[in-house]
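Thanks for sharing this one. Here are my notes, in numbered points, to read alongside the coordinates.

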Amino acid sequence: VGSSLASKGGPRRPSQMSGLGCTSAPLASGLGAASLTACVAGHASRRRRRGGVGSMAHKSNISEQLEASAAASQLAMVDEKIGVLLMNIGTPASTETHDVRDYLARFLGDDRVIDIEPKWLKFVILQILLGVRPQKSAEAYKAIWDESRGSPLQFHTEDLVTDLQQKLGDQFVVRHCFQYSAPFTTNIIREFTKDGIDNVILVPMFPQYASSTVGTCLQEAYEVGAKMYCTPCFSVVPPFYNTPQFLHAQTEEIAKVVGPHGCNVDHTLFSFHGLPTEQCSKSHSRGTKCGPGCAEKITATNKNCYHGQCHETARRLAAGLGLKEGQWSVAFQSRLTLRNTVEWIGPYTDKALAELAKSGVRRLALAAPSFAIDCLETLEELSITGEEQFKEAGGEELMVVPCINTSEQWVTGLSQLVKLQAPAWQTTADAAATAAADPKTPGHCPVSGRFGIWRQSHEHKHNEAGDSTPTSKTAKTIELEPLAVP
């Protein structure tokens, strides 16, 4: 079961489609089954012409029959739904101290969040934290709790599910789950199976990779799937910090605050969620460790390093905003440690706010690009506590940039990231429908699998030289004009 799940669970890309899979892909609305059969027949006929006469004709007949049979069976998959699961950490059920304690117990009890050995020491530390932290966190949640809708993380996620569902259409079923609160990952994956949905696209809602976020969400999903008699087929939207979809949406939100080239503010601070340095080092390869070099560039050894990915995110956002060196900086927030016994990546956001104010920065823009959805860390830690810290140090105005949440740019971008991981038969179906609507739109050919610009060809004539198996009718085929793609 484990190996079966692993073989099914990797991200699927259009370039990985097999030849038979391409020829048998169903076509969505706008291009019917007849067009697909014609397209398959056209490609099979061209192969016969290349192969000559005699025994090759017999082989091509067998090939054509196999392709036609596969096409017929795959056309039945047009109505099959694809699950999309937006995954996040979670939120307390209410602002009551006991609900906050229950949530924190699950969150802090995860070994991917607090990695302490031996286990008895972690148990002791966890009891200390659960003795004092829930009361303080409950007060913070009360400051951001919506009277009618409750937790911002909860209702922003629900809104995103609704908007993404509308954008993706009826072929997809979009749901969300949380790691440490309801709706739990286990329950939602089982719901998909109960509803007959076998293909599920997992979408960890974290731009950068960290074991305590992306890692723990995927581990839970994999373990749930592995224990099921009929294991689901998972594909995954990987960390999207460097994708145009995320960067464009994030840049658009920040630009509304900072203005062209940052002219509306004195400085822009990119604040990312903090992480213990040791956890970042564990993501390195070839014996390297997280250090100052991770802030300079992404390499083959630190490509999964959260610290490095955060700095790369900031560099790309600064470039997109037209910010020059000195106009922006990076810091890390939300560190959790007892008496500074654990080293966290820095510099720290609270100290950076004070230092910037003391250096003469009066109007400061504060963006949090490690959060796709507004939550306690952005709405209270930055917008309320952060503002107090900045003004106490001499600053005048702290402008916190909202997360991308359900912005139109992000909903569109996220739908594109999801479709990139859709099963091959759905990917080619979408491409065919798009091509039928606009022949100049680039996409993947459902027959050849090549990427390029689609166009309707002239009528295919069956009696050309080398075609030893005449067809009774002409057939329209979809040709592919090569397109250079960076």
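**Notes on helix packing, two sheets and one buried serine**

1. Let me begin with a pair of helices: the axes of α7 and α15 (residues 408–420) come within 9 Å of each other and cross at roughly 65 degrees. The crossing of α7 and α15 is right-handed. On the α7 side the contact is made by Leu 160, Asp 163, Leu 164, Lys 167 and Leu 168; α15 brings Trp 410, Val 411, Thr 412, Leu 414, Ser 415, Val 418 and Lys 419. By type, the residues of this contact divide into 7 nonpolar, 2 polar and 3 charged. Please keep in mind throughout that this is a predicted model.

2. Helix α7 (residues 152–168) also has a place on a sheet: the helix lies across β1 (82–88) and β2, and runs at about 165 degrees to β2. In what order do the strands of the open sheet with β1 and β2 come? The order is β2-β1-β3-β4, 4 strands with parallel pairing. β2 (172–178) and β4 (233–236) stand at the edges with a single partner strand each, so one side of each has no neighbour in the sheet. From one strand to the next, the twist averages 25 degrees.

3. A closer look at one edge of that sheet: β3 (residues 199–204) and β4 run parallel and are joined by 4 bridges. Within this pairing, Asn 199 stands opposite Cys 233 of β4.

4. There is another open sheet, again of 4 strands with parallel pairing, in the order β6-β5-β7-β8. Here β6 and β8 (397–400) are the edge strands; each has a single partner strand, so one side of each is left without a neighbour in the sheet. The twist in this sheet averages 25 degrees from one strand to the next. Strand β7 (residues 363–367) is joined to β8 by 4 bridges, and the two run parallel. Leu 366 has Val 400 in β8 as its bridge partner. Helix α10 packs on this sheet, where it touches β5, β7 and β8, and its direction makes about 170 degrees with that of β7.

5. Is helix α12 largely enclosed or left open by the rest of the structure? It is largely enclosed, because 12 of its 16 residues are buried. Among them are Tyr 306, His 307, Gln 309, His 311, Glu 312 and Leu 321. The cover over the buried residues of α12 includes α10 (244–258), β5 (267–273), α11 (277–282) and β6 (328–333).

6. The geometry of α12 (residues 306–321) is easy to check: from its first C-alpha to its last the helix reaches 22 Å, close to the 22 Å expected at 1.5 Å a residue. After α12 comes Gly 322, with a positive phi near 75 degrees.

7. Finally, a single residue to inspect: Ser 212, in helix α9 (residues 211–226). Why does Ser 212 count as buried? Its relative accessibility is 9%, and buried means under 20%. Leaving aside residues up to four places away in sequence, Ser 212 touches Ile 89, Arg 112, Val 113, Tyr 180, Leu 275 and Gln 279. Of these contacts, Val 113 is worth displaying: Ser 212 and Val 113 are 99 residues apart along the chain, yet their C-alpha atoms are separated by 4.8 Å.

How values were computed:
Residues are numbered from 1 along each chain as its sequence is written. This is a predicted model: local features need pLDDT of at least 70, side-chain atom pairs count only at pLDDT 80 or more; totals for chains, interfaces and linings use all residues. Side-chain values use heavy atoms; hydrogens and water are left out. Buried means under 20% relative accessible area, exposed over 50%, partly exposed in between (1.4 Å probe, protein chains only). Contact means heavy atoms within 4.5 Å. Two strands pair if DSSP finds at least two bridges between them. Axes are lines fitted to C-alpha atoms, for helices over the stretch in contact, and angles run from 0 to 180 degrees between N-to-C directions. The expected span of a helix is 1.5 Å times one less than its number of residues. A crossing is left-handed if the near helix is turned anticlockwise from the far one by less than a right angle, and right-handed if clockwise. Ala, Val, Leu, Ile, Met, Phe, Trp, Tyr, Cys and Pro count as nonpolar, Asp, Glu, Lys and Arg as charged, and the others, Gly among them, as polar.
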